[in-house]
Amino acid sequence: ALPEGGVGGVAGHVGSSYTLHVSNLPPDASALSLSSYFGQFGQVSPGDVRLMYKDGRLQNYCFVTVHNANLPMQLLLDGRHLFGPVQLQVGVARHQASPAPPAPPA
C-alpha cells in the first residue's frame, strides 16, 4: 500500500493534481504517448501535456498535469521513468511558460 499524504516535506496527497516538469524527452515524444505513460499515475489527457517548441522543433522538455494522482508526489518524483530508450527526468514545475504553438506539419 502507498503511504497517504506528502512524503519528505513535499506537498501532495493521493487524489491531488500535480504539474510536473519533464525533461530528457526523446525527439519522437508526443502528447499522446506522454499522456499514456503518465496516465498510470492518475488522470492525464493529451491536453494535459504541454510540449515546448522552439523554431518549430520540439524541445527536450514539457509540462504534464496529473489529475487525481494515485500516489504522493514524492513517490512520483523518486521513480525511475523509462520512456522508450531514455530515462525521463521528472521534477516539480515551478512556473510554466506559455506553450508554444504546435510545430507546422512536415
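# A guided tour of the predicted model

Start with the whole chain. Its accessible surface comes to about 6,100 Å², and 53% of that belongs to carbon and sulfur atoms. Keep in mind that this is a predicted model.

**Stop 1: the whole chain**

Show everything as a cartoon. The protein chain has 2 helices and 5 strands. Follow them along the sequence and the pattern reads β-α-β-β-α-β-β. Of the 106 residues, 38% count as buried. Now consider the contacts with a separation of 6 or more: residues 24 or more positions apart account for 71% of them.

**Stop 2: colour by confidence**

Colour by pLDDT. The chain has a mean of 80, and 75% of its residues reach 70 or more. Select residues 31-38. This is helix α1, where confidence is highest, at a mean of 95. Then select residues 73-78, helix α2, given as the lowest at a mean of 83.

Next, select residues 1-11. Here pLDDT stays under 50. The model has 17 contacts beyond four places in sequence for this stretch. Where pLDDT is low, the predicted coordinates should not be read in detail.

**Stop 3: the sheet**

Hide the helices. In what order do the 5 strands of the open sheet stand? The order is β2-β3-β1-β5-β4, with antiparallel pairing. Select 49-54 for β2 and 81-83 for β4: these strands stand at the edges. Each has a single partner strand, so one side of each is left without a neighbour in the sheet. Turn the view and look at the twist. Neighbouring strands are turned by 35° against each other on average, direction ignored.

**Stop 4: β5 and its two partners**

Select residues 86-92, which form β5. On one side is β4, joined to β5 by 3 bridges and running antiparallel to it. Show F83 and V86: they stand opposite each other. Show H81 too; its bridge partner in β5 is L88.

Look at the turn between these strands. β4 and β5 form a hairpin with 2 residues between them. One residue to pick in the turn is G84, which has a positive phi of about 65°.

Now add residues 18-23, strand β1. β1 and β5 pair in the antiparallel sense over 4 bridges. Pick V22 in β1 and find its bridge partner in β5, V90.

**Stop 5: L58**

Select residues 57-66, strand β3, and pick L58 within it. Is L58 buried or partly exposed? L58 counts as partly exposed, because its relative accessibility is 24% and buried means under 20%.

Which residues does L58 touch, leaving aside its neighbours within four places in sequence? Show P26, P27, A29, L51, M52 and Y53: L58 is in contact with each of these. Draw a distance from L58 to P27. The two are 31 residues apart in sequence, yet 6.9 Å apart in space, C-alpha to C-alpha.

**Stop 6: two loop residues**

Most residues other than glycine have a negative phi. Two residues here go the other way.

Pick N24, in the loop between β1 and α1. Its phi is near 70°, a positive value. N24 is partly exposed, with a relative accessible area of 33%.

Then pick D55, in the loop between β2 and β3. D55 is not a glycine, but has a positive phi of about 55°. At 75% relative accessibility, D55 counts as exposed.

Technical notes: Residues are numbered from 1 along each chain as its sequence is written. This is a predicted model: local features need pLDDT of at least 70, side-chain atom pairs count only at pLDDT 80 or more; totals for chains, interfaces and linings use all residues. Side-chain values use heavy atoms; hydrogens and water are left out. Two strands pair if DSSP finds at least two bridges between them. Axes are lines fitted to C-alpha atoms, for helices over the stretch in contact, and angles run from 0 to 180 degrees between N-to-C directions. pLDDT is the predictor's confidence in each residue, from 0 to 100. Contact means heavy atoms within 4.5 Å. Buried means under 20% relative accessible area, exposed over 50%, partly exposed in between (1.4 Å probe, protein chains only). Accessible areas come from the Shrake-Rupley method with a 1.4 Å probe; for residues, only the protein chains shown count as cover.
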